Amino acid sequence: MKMELRPNDASPPDRMEIGAMTPGDIPTVTRIERASFSTVWPSDAFYNELNTNKVAHYFVGRIGDRVVAYGGIWVILEDSHITTIAVDPVYRGKGLGEVMLLHLIDQAIERGAAWLTLEVRESNVVAQQLYKKYGFTTVTMRRGYYSDDNESALVMWAGNLKSELYRNRIAVLRSRRSA
Ligand SMILES: CC(C)(COP(=O)(O)OP(=O)(O)OC[C@H]1O[C@@H](n2cnc3c(N)ncnc32)[C@H](O)[C@@H]1OP(=O)(O)O)[C@@H](O)C(=O)NCCC(=O)NCCS
């Protein structure tokens, strides 16, 4: 089979499109979940989030037809929470986690949130670096939060999403991404 050449297509081949997660995405999402976390959400948890949790909003990133990333937020009035974010291991280190995080932040702001928090394992330096880049700081620690190995969680938050300072920070990061 010949590789398809796309001389007139301006979009880069690795461009990820983000859309709402649907039940049909869950088998692939669950596969990425198992490759990404030591305590995994079973597929039922994702079905429940999509079908019954009115404050939950889940998204997948696709390259072509392939789901390569996912993420979710809960938004309750001005409070929002990133519940999960992961990139297929094969596609990590290419900026896709950052694109998904930016989408989650945009969605939280669009839905009226002023505050955005998350928990991250103390040892998960890669994710912490990503969150710090987007203005998250550690506000407290939950000792023994993770049931599989008793690891502690850092609770991080992004400050006031509606502040000019935060909006400017996001605008700069966004423009660097699209440059
Ligand atoms: C965390 C995760 C989503 C990042 O996705 P990714 O696509 O690999 O990350 P990106 O390529 O978009 O990198 C964005 C930023 O993350 C940080 N980062 C990414 N890879 C890193 C590495 N190997 N070491 C340190 N920081 C790293 C950097 O801050 C980077 O910004 P930079 O390129 O300006 O340095 C991904 O590693 C993942 O799915 N991990 C497993 C699941 C997980 O831990 N989720 C978070 C739960 S709280």
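Helices α1 and α2 sit oblique to each other. Their axes cross at roughly 130 degrees, and angles over 145 would count as roughly antiparallel, so this pair stays in the oblique class. Keep in mind that this is a predicted model.

**The α1/α2 pair**
- Helix α1 covers residues 26-36 and helix α2 covers residues 43-52, with the two axes coming within 9 Å.
- As for handedness, the α1 and α2 crossing is right-handed.
- On the α1 side the contact is made by I26, V29 and T30, and what they meet in α2 is S43, F46 and Y47.
- Sorted by type, the residues of this contact come out as four nonpolar and two polar, with no charged ones.

**Fold layout**
- The protein chain carries five helices and seven strands.
- Going along the sequence, the order is β-α-α-β-β-β-α-β-α-β-β-α.

**Overall dimensions**
- The protein chain has a radius of gyration of 17 Å, which agrees with the value near 16 Å for a compact globule, given its 179 residues.
- Along the principal axes, the C-alpha atoms of the protein chain take up a box of roughly 55 × 40 × 30 Å.

**Burial and contacts**
- Of the 179 residues in the protein chain, 23% are buried.
- Take the contacts between residues at least 6 apart in sequence: 55% of those in the protein chain join residues at least 24 apart.

Terms used:
Residues are numbered from 1 along each chain as its sequence is written. This is a predicted model: local features need pLDDT of at least 70, side-chain atom pairs count only at pLDDT 80 or more; totals for chains, interfaces and linings use all residues. Helices (H or I, at least four residues) and strands (E, at least two) are DSSP runs, numbered from the N terminus. The radius of gyration is taken over C-alpha atoms; the globule rule is 2.2 Å times the number of residues to the power 0.38. A residue is buried if 20 or more other C-beta atoms lie within 10 Å of its own, exposed if 12 or fewer, and partly exposed in between; C-beta atoms are placed from the backbone. Two residues are in contact if their C-beta atoms, placed from the backbone, lie within 7 Å. Axes are lines fitted to C-alpha atoms, for helices over the stretch in contact, and angles run from 0 to 180 degrees between N-to-C directions. Angles under 35 degrees count as roughly parallel, over 145 as roughly antiparallel, 65 to 115 as roughly perpendicular and the rest as oblique. A crossing is left-handed if the near helix is turned anticlockwise from the far one by less than a right angle, and right-handed if clockwise. Ala, Val, Leu, Ile, Met, Phe, Trp, Tyr, Cys and Pro count as nonpolar, Asp, Glu, Lys and Arg as charged, and the others, Gly among them, as polar.
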